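Here are some exercises with worked solutions to try at your own pace. Have the viewer open and attempt each task before reading on.

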There are 2 protein chains.
Amino acid sequence: MSPADTPQARGERRKRSDARRNAQTLLDAAAAVFARAGIDAPVRDIAAEAGVGMGTVYRHFPTRPDLVVAVFRHQVDALAATPAGASGENPENPYEALRSWVARFTDFLVTKHGLPEALHSDQAGLESLHAEFVDRLVPVLDRLLRACVDAGRIRADVRPLDLMIAIGNLCIGADTFPGYRARHMVDVLLAGLLHHAPAPTDADRPRTPTAP
Amino acid sequence: MSPADTPQARGERRKRSDARRNAQTLLDAAAAVFARAGIDAPVRDIAAEAGVGMGTVYRHFPTRPDLVVAVFRHQVDALAATPAGASGENPENPYEALRSWVARFTDFLVTKHGLPEALHSDQAGLESLHAEFVDRLVPVLDRLLRACVDAGRIRADVRPLDLMIAIGNLCIGADTFPGYRARHMVDVLLAGLLHHAPAPTDADRPRTPTAP
DNA sequence: CGAATATATGGAGCAATGCTCCGCTTGGCA
DNA sequence: TGCCAAGCGGAGCATTGCTCCATATATTCG
């Protein structure tokens, strides 16, 4: 997001004023419709909410997922930015730093209707949403996890990508399935990272049958 | 599934022979298409595979999810039936019984393209798929979990429904996202059930600030 | 066996939805 | 003011779940 990334600085013509205005209107309208009707809301509805035609939507956001990504980008940015602060807050307790960041991540996912589901939709183009999350957040998790491993708090066999996807997955259904406590299960998962006395990963592969 | 449930026994006329044949043909065709193209394959494709018309499909399976449920029902039955055996095999190690059943459940989910995703689809009617899983498998998990809790092996604050949904969720993306190791994350989740020295669940809610 | 009838079938057609296309409109510059 | 590239709107296409009904056929009864 350096200033050099602005269109003008790259020698491209500045967009027309109505175009800029419409782009922002669309972003706001999409955010409103997503909040009201979920992330799967029809593009038509968003165009109507913004008071523009279908063509305008697709001019600004070539595919539906592009619109979704744009709407959530700055929230992902916030999540990606904090950990420097968070992990700095208590470098002596890296596990709590991990837990606190994961709690914020979980809150974000749970409060967005359909977002966790969308991260796994195989609809063409929705990979970019996934990619956005991976690119921005995996490095954060990597730092948090590494700090825990270095401090000897957690097992070393869980990769940041695994954990990120797992957390995102656990949040699926949080708002649609009544009895399911997504946050709690994320907590259980994090507890599973801690070292225990008996490493259960070995128990299910008795290479040598327990001698009598 | 008692004999009294058969149509004849309830005084209903037995279905025409071609109808019965087509129903089975459709089941086989659907299984083949699901395996090849995933669970979201168009109904048209299944009709074509079976060599019948659309009307025939919908006559036998009123909605798309009904077909999906029918295809997987006997596999769910198998999963629901085993734990009596499994938990009987080593009553002295209930945690291993839990792990072994969960491993089978995980295998089942991971090998069915799109099944875990379908369990959370908000498409009307797909709740019956979810209901099928919940009704058949939650009681099994309940028994397995209770045995572990009674043996003092695991925490008592995880309900069977939570665990079942969490496991299903963790399997999402197993076949579509390259780097993600669903089975491993299920293992981490199960490890999180075990008791550890410091209960992390209390750490984030210091009701009374730790007295000096 | 042959007719009568309930049952089953096939596929055109409807509705929803993502996306494209293109003729019309308009902001910005000379 | 006048020009024109950038922008816009919305009809229309393709896909897909599902419905409808004229036609075909299995089953039964005389």
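Contact here means heavy atoms within 4.5 Å. The model is a predicted one, in which local features need pLDDT of at least 70 and side-chain atom pairs count only at pLDDT 80 or more, while totals for chains, interfaces and linings use all residues. Residues are numbered from 1 along each chain as its sequence is written, chains are lettered from A and ligands numbered from 1 in the order in which they are written, and side-chain values use heavy atoms, with hydrogens and water left out.

**Exercise 1. Find the surroundings of B:Thr106, and decide whether this residue is buried or exposed.**

Step 1: Locate the residue. B:Thr106 sits in helix H6 (residues 94-110) of chain B; helices are DSSP runs (H or I, at least four residues), numbered from the N terminus.

Step 2: Check its accessibility. Buried means under 20% relative accessible area and exposed over 50%, with partly exposed in between (1.4 Å probe, protein chains only). At a relative accessible area of 2%, B:Thr106 is buried.

Step 3: List its partners. Setting aside neighbours within four places in sequence, B:Thr106 contacts B:Ile167, B:Cys171, B:Arg183 and B:Val186.

Step 4: Follow one partner. B:Val186 is among the buried residues of H10(B), as are B:His184 and B:Asp187. Nine of the ten residues of this helix (residues 182-191) are buried, so H10 of chain B is largely enclosed by the rest of the structure.

**Exercise 2. Which residues touch the most other members of the largest nonpolar core?**

Step 1: Fix the term. A nonpolar core is a set of buried Ala, Val, Leu, Ile, Met, Phe, Trp, Tyr and Cys residues joined through side-chain atoms within 4.5 Å.

Step 2: Pick out the residues. The largest core has 126 residues, and those touching the most other members are Leu98, Phe133 and Leu163 of chain A and Leu98, Phe133 and Leu163 of chain B.

Step 3: Look at one of them. Beyond neighbours within four places in sequence, B:Leu163 meets A:Met185 as well as residues of chain B, including B:Leu141, B:Val158 and B:Leu189.

**Exercise 3. How many residues surround DNA strand C, and which are the closest?**

Step 1: Count them. A residue is near a strand if one of its heavy atoms lies within 4 Å of it. DNA strand C is surrounded by 25 residues, the closest being B:Arg16, B:Asn22, B:Gly53, B:Thr56 and B:Arg59.

Step 2: Look for polar contacts, which are pairs of N or O atoms within 3.5 Å; within protein, one must be able to donate a hydrogen and the other to accept it, and residues adjacent in sequence count only if both atoms are side-chain atoms. A polar side-chain atom of B:Arg44 is 3.1 Å from a base oxygen of strand C, and one of B:His60 is 3.1 Å from a phosphate oxygen of strand C.

Step 3: Find the main contributor. H3(B) provides the largest share of the surface near strand C, five residues.

**Exercise 4. Which helix gives the most to the surface near DNA strand D?**

Step 1: Name the helix. H3(A) gives the most, with five residues.

Step 2: Inspect side chains of chain A. A polar side-chain atom of A:Thr56 lies 2.4 Å from a phosphate oxygen of strand D, and an N or O atom in the side chain of A:His60 is 3.1 Å from a phosphate oxygen of strand D. A:Arg44 places a polar side-chain atom 3.1 Å from a base oxygen of strand D.

Conventions
Helix = DSSP H or I, 4+ residues; strand = E, 2+ residues; numbered from the N terminus.
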